[in-house]
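Trainee: I would like a close look at a single part of this model, with the cut-offs spelled out as we go. Please pick a region where strands and a helix come together, and take me through it piece by piece.

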Amino acid sequence: MLRIPDLIKKKRDGGALSDEEIAAFIQAVTNKTIQDAQIGAMLMAIWLKDMAATETEALTREMMSSGEVMSWPEEWAGLVVDKHSTGGVGDKVSLVLAPALAACGCKVPMISGRGLAHTGGTLDKLESIPGFNIHQSTEQILQILDSVGCCIVGQTEMLVPADRVLYAVRDTTSTVDSLPLITASIISKKGAESLSALMLDVKFGRAALCKDLSSAKELAQSLLRAGNGLGIPTGAVLSCMDATIGRCVGNSLEVVESLETLKGNGPEDLMELVTTLGGALLTITGSVFDLSEGRKRISDAVTGGAALAKFQDMMEAQGVSAQAARSLCSPHTDYYSVLRRAEHQTELEAPGHGPVLDLDGLVLAEVLHKLGAGRSKAGEPVNHSVGAELLVSLGQVVKKGDPWLRIHYEDPSPTPDQINRLQNALILGSDENAEFEFKLPTDVTE
């Protein structure tokens with residue numbers, strides 16, 4: 001009989017836990033036969049002493065097996081795909097990518113999360129659409145995938161219950177930023193989806209979990225090992241997260257920008273991520289010959305309207321009225337006849353003259369978070385209408401007094417200090433002829 005205190009002591013002293021010992025720990029967590037203090041002690045021991053790749057893979061596998069593992073019809077073999085992003089500012093990739101993949105014949109059971117701290121959550125964005133229900137049973141997910149091809153839902157009660165317990169304790173014990181614990185949490189949920197292929201968007205930069213390229217590479221390699229270790233063909237992209245993705249930040253505004261992208265009017269950086277991640281998934285599943293062909297397939301699905309039709313079908317399948325879904329997807333619609341618009345908008349003016357060299361996405365996200373767009377604790381409500389629109393692009397030359405940012409807010413209003421922080425987040429060059437290099441945010445790793 002394995003005793004939990006002995007397992008904690010072994011890891012605390014730097015020992016490697018066996019598969020059997022890790023299984024005993026996760027079983028105790030799932031069955032609630034372990035004290036919270038013991039869970040916290042084990043997590044801190046892992047944080048301090050780290051885990052070998054074999055331990056991380058065992059932890060991931062046991063967490064995945066702690067609840068229901070989805071199964072799909074035989075005819076879907078090789079078609080069930082998903083992606084995961086480590087989080088950023090204005091990251092609306094899933095809203096465009098899931099329907100684009102469905103339009104290419106894939107099945108996409110996208111189990112997403114909510115926003116926490118400065119990063120936005122896909123579920124919060126979709127819940128800004130009246131009627132959109134992110135709570136779907138396994139049977140309902142199966143039905144939606146069969147009829148539409150994609151769904152974006154929250155984690156079900158039966159899916160990876162051990163992760164729900166561990167995640168809550170990690171938050172209260174300052175063990176969130178542990179590489180093996182991050183890896184096991186992410187990949188166990190994807191493993192429970194029984195995927196044919198998985199793509200990871202690991203972000204680095206000011207507004208990302210990983211602040212530099214080397215730490216992002218380390219996380220990507222850990223995630224790749226765990227994903228492939230579970231038998232899921234897994235790939236990764238490293239993408240820069242200094243500014244924002246696209247021009248809109250905030251739940252309702254990001255839905256508007258996603259719909260505009262699905263209508264063929266998307267910003268270049270967003271489409272670059274969508275086509276790269278989607279193209280890579282089509283390549284991994286063998287649907288296309290190479291990444292170039294895959295990117296074209298995804299791009300055609302978006303620009304040709306097939307992805308927009310899938311998004312409309314997904315909205316209706318997940319509870320949005322047919323009238324509202326049709327209105328949002330029509331060519332020249334008033335989005336705010338369906339979505340909620342913030343009571344107030346104010347524009348900030350450029351403080352000087354010159355090319356836009358940079359924008360601090362973290363500052364923008366932190367200010368919007370304080371204005372109600374985000375949450376500090378799980379379960380807190382968010383104001384879906386709060387957000388901001390960038391009115392300028394990187395490299396664009398602006399004149400003093402030109403509007404560069406439109407803030408959508410309600411209560412509270414932005415304080416003078418917050419306005420000052422936003423103005424300082426915009427970095428202008430002194431010479432309109434200054435050299436500017438626009439770097440597309442993709443670096444594909446095998």
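**The two sheets and the helix they share**

Mentor: Let's start from one pair of residues: Cys-248 has its bridge partner in S9, and that partner is Glu-389. The pair belongs to the link between S6 and S9, where 2 bridges join strands that run antiparallel. A word on names: helices (H or I, at least four residues) and strands (E, at least two) are DSSP runs, numbered from the N terminus. Two strands are called paired if DSSP finds at least two bridges between them.

Before going further, keep in mind that this is a predicted model: local features need pLDDT of at least 70, side-chain atom pairs count only at pLDDT 80 or more, and totals for chains, interfaces and linings use all residues. Residues are numbered from 1 along each chain as its sequence is written, and side-chain values use heavy atoms, with hydrogens and water left out.

Now stay with S9 for a moment. Gly-387 and Glu-389 point one way from this strand, while Ala-388 and Leu-390 point the other way, and all are buried. Buried here means under 20% relative accessible area; over 50% is exposed, and partly exposed lies in between (1.4 Å probe, protein chains only). As background, side chains in a regular strand alternate between the two faces of the sheet.

On to the wider sheet. It is open and built from 4 strands in the order S6-S9-S11-S7, with antiparallel pairing. The edges are taken by S6 (248-249) and S7 (344-349); each has a single partner strand, so one side of each is left without a neighbour in the sheet. Between S9 (residues 387-390) and S11 (residues 403-409), which run antiparallel, there are 4 bridges. Ala-388 stands opposite Ile-407 in S11, and Leu-390 has Leu-405 as its bridge partner in that strand. Packed on this sheet is helix H17 (residues 416-425), which touches S7 and S11, and its direction makes about 145° with that of S11. For such angles, axes are lines fitted to C-alpha atoms, for helices over the stretch in contact, and the angle between N-to-C directions runs from 0 to 180 degrees. Contact means heavy atoms within 4.5 Å.

H17 also leads us to another sheet. This one is open as well, with 3 strands in the order S10-S8-S12 and antiparallel pairing. S10 and S12 stand at its edges, each with a single partner strand, so one side of each has no neighbour in the sheet. H17 packs here too, touching S8 and S12, and its direction makes about 40° with that of S12.

How is this sheet held together, bridge by bridge? Strand S8 (residues 354-359) is joined to S10 (residues 397-398) by 2 bridges, the strands running antiparallel. Gly-354, for instance, has Val-398 as its bridge partner in S10. S8 is joined to S12 (residues 426-428) by 3 bridges, again antiparallel. On that side, the bridge partner of Leu-359 is Leu-426 in S12.

Leu-359 deserves a closer look. This residue sits in strand S8 and is buried, with a relative accessible area of 4%. Leaving aside neighbours within four places in sequence, its contacts are Arg-206, Asp-242, Ala-243, Thr-244, Leu-390, Leu-394, Trp-404, Ala-425 and Leu-426. Leu-390 in that list is the residue we met as the bridge partner of Leu-405, while Leu-426 is the partner of Leu-359 across the S8 and S12 link. For a sense of distance, Leu-359 and Val-288 are 71 residues apart in sequence and 37 Å apart in space, C-alpha to C-alpha.

One last stop is the loop between S11 and H17, where Pro-412 is placed. A cis peptide bond joins Asp-411 and Pro-412, with omega about 15°. Most peptide bonds are trans, which makes that a good spot to look at in your viewer.
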